[in-house]
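I opened this notebook to record what I looked up in the model, working from one helix outward to the whole chain and then to a few single residues.

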Amino acid sequence: MTTFTDTPSVGFVLNGQGVSAQVDVAVTAFDLLRRDFRLTSVRSACDGIGMCGACTILLNGRASPSCLVLAIDLAGARVETVEALSDGERLHPLQQAFVAKGALQCGYCTAGMLLAAKALLDETPQPSRAEIARALTGNLCRCTGYAKIIEAIEAATKALAA
C-alpha cells in the first residue's frame, strides 16, 4: 500500500498575483481561499453543496461554485474573487451599478452575484434580460427579489459599453 506523507503544492494566479499553497487533496477551493488566503468575500450559505452561489469565483473566466472545486484543481488556473473587481478605490462599473440601484440589501450574496454578472458580461457584452436572469440562476438572494440586481446589471452593461 502506498501512503502519501506530503501534501501537494498548488500554484495558480489569484486576483492577478501568482500564489501557491500546500493543499490536502480533499480540501475545496472554498476552504483554501477563506482559510489560507483570508478572502472573506467567498461565502457559503448551503453547507458546500453548490446551491447558493455565495462562494462563486471566476475560474479561468467562468463562474464556478468554489465549494464544488477541489483546491488541487486550481493548479495552473486563473482565479478571481470580488476583490479583483475594483481598481484601488475605484469600483468596477458592476459594483457602482449595484450601489446605485440598491441591489445590495444585506450583501451576503453580492460577491457571488457580481462575479456571475462579470462572467456573463465578459462573454456576452450586451445580454438580454433573459440571459441575465439565466446567468444568475446559481445564485440565491433572499432580500431583493432579483429585480434590482437585474436592473443593476443592465445599467452596468450600458456603462461598460460607453
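Which residues are buried in H3? I note first that I am reading a predicted model. Going along the helix, I listed Thr110, Ala111, Gly112, Met113, Leu114, Leu115, Ala116, Ala117, Lys118, Ala119, Leu120 and Leu121 as buried. That makes 12 of the 14 residues of H3, and I therefore wrote the helix down as mostly covered, with buried meaning under 20% relative accessible area.

**Entry: the helix itself.** I checked the span of H3, which covers residues 110-123, and found 20 Å from its first C-alpha to its last, close to the 20 Å expected at 1.5 Å a residue. I then asked what the buried residues of H3 pack against. The partners are three strands, E3 (56-59), E4 (62-65) and E5 (78-80), together with the helices H2 (93-100), H4 (129-135) and H5 (147-161).

**Entry: Asp122.** Is Asp122, which sits in helix H3, buried or exposed? Asp122 counts as exposed, because its relative accessibility is 52% and the cut-off for exposed is over 50%. I also looked up its distance to Arg62, and the two C-alpha atoms are 9.4 Å apart in space although 60 residues separate them in sequence.

**Entry: the whole chain.** I counted five helices and five strands in the protein chain, and the order along the sequence reads β-β-α-β-β-β-α-α-α-α. The radius of gyration is 16 Å, close to the 15 Å that the globule rule gives for 162 residues, so I recorded the chain as being as compact as a globular protein of that length. Taken along the principal axes, the C-alpha atoms fill a box of roughly 60 × 30 × 25 Å. Buried residues make up 41% of the 162 residues, and of the contacts with a separation of 6 or more, 55% are between residues 24 or more positions apart.

**Entry: surface and charge.** I noted an accessible surface of about 8800 Å² for the protein chain, 51% of which belongs to carbon and sulfur atoms. The chain has 14 positive and 15 negative charges, and the mean positions of the two sets are 8 Å apart.

**Entry: three serines.** I looked next at Ser64, which lies in strand E4, one of the strands that the buried residues of H3 pack against. Ser64 is buried because its relative accessible area is 13%, under the 20% cut-off. Not counting residues up to four places away in sequence, Ser64 touches Cys55, Thr56, Ile57, Leu59 and Val69.

Where is Ser66 placed? I found Ser66 in the loop between E4 and E5, and it is buried, with a relative accessible area of 0%. Leaving aside neighbours within four places in sequence, Ser66 is in contact with Thr28, Ala29, Phe30, Val42, Cys55 and Ile57. Cys55 and Ile57 thus appear in my notes for Ser66 and also for Ser64.

The last serine I checked was Ser9, which is in strand E1 (residues 9-14) and is partly exposed, with a relative accessible area of 49%. With neighbours within four places in sequence set aside, the residues in contact with Ser9 are Ser20, Ala21 and Gln22. I also recorded that the C-alpha atoms of Ser9 and Val23, 14 residues apart along the chain, are separated by 6.2 Å.

Methods:
Residues numbered from 1 in each chain as written. Predicted model: local features only at pLDDT ≥ 70, side-chain atom pairs only at ≥ 80, totals over all residues. Heavy atoms only, no water. Helix = DSSP H or I, 4+ residues; strand = E, 2+ residues; numbered from the N terminus. Rg over C-alpha atoms; globule rule 2.2 N^0.38 Å. Buried < 20%, exposed > 50% of the residue type's maximum accessible area, 1.4 Å probe, protein only. Contact = heavy atoms within 4.5 Å. Areas by Shrake-Rupley, 256 points an atom, 1.4 Å probe, with all protein chains shown as cover. Lys, Arg positive; Asp, Glu negative; His and termini not counted. Charge placed at Lys NZ, Arg CZ, Asp CG, Glu CD. Expected span 1.5 Å × (residues − 1).
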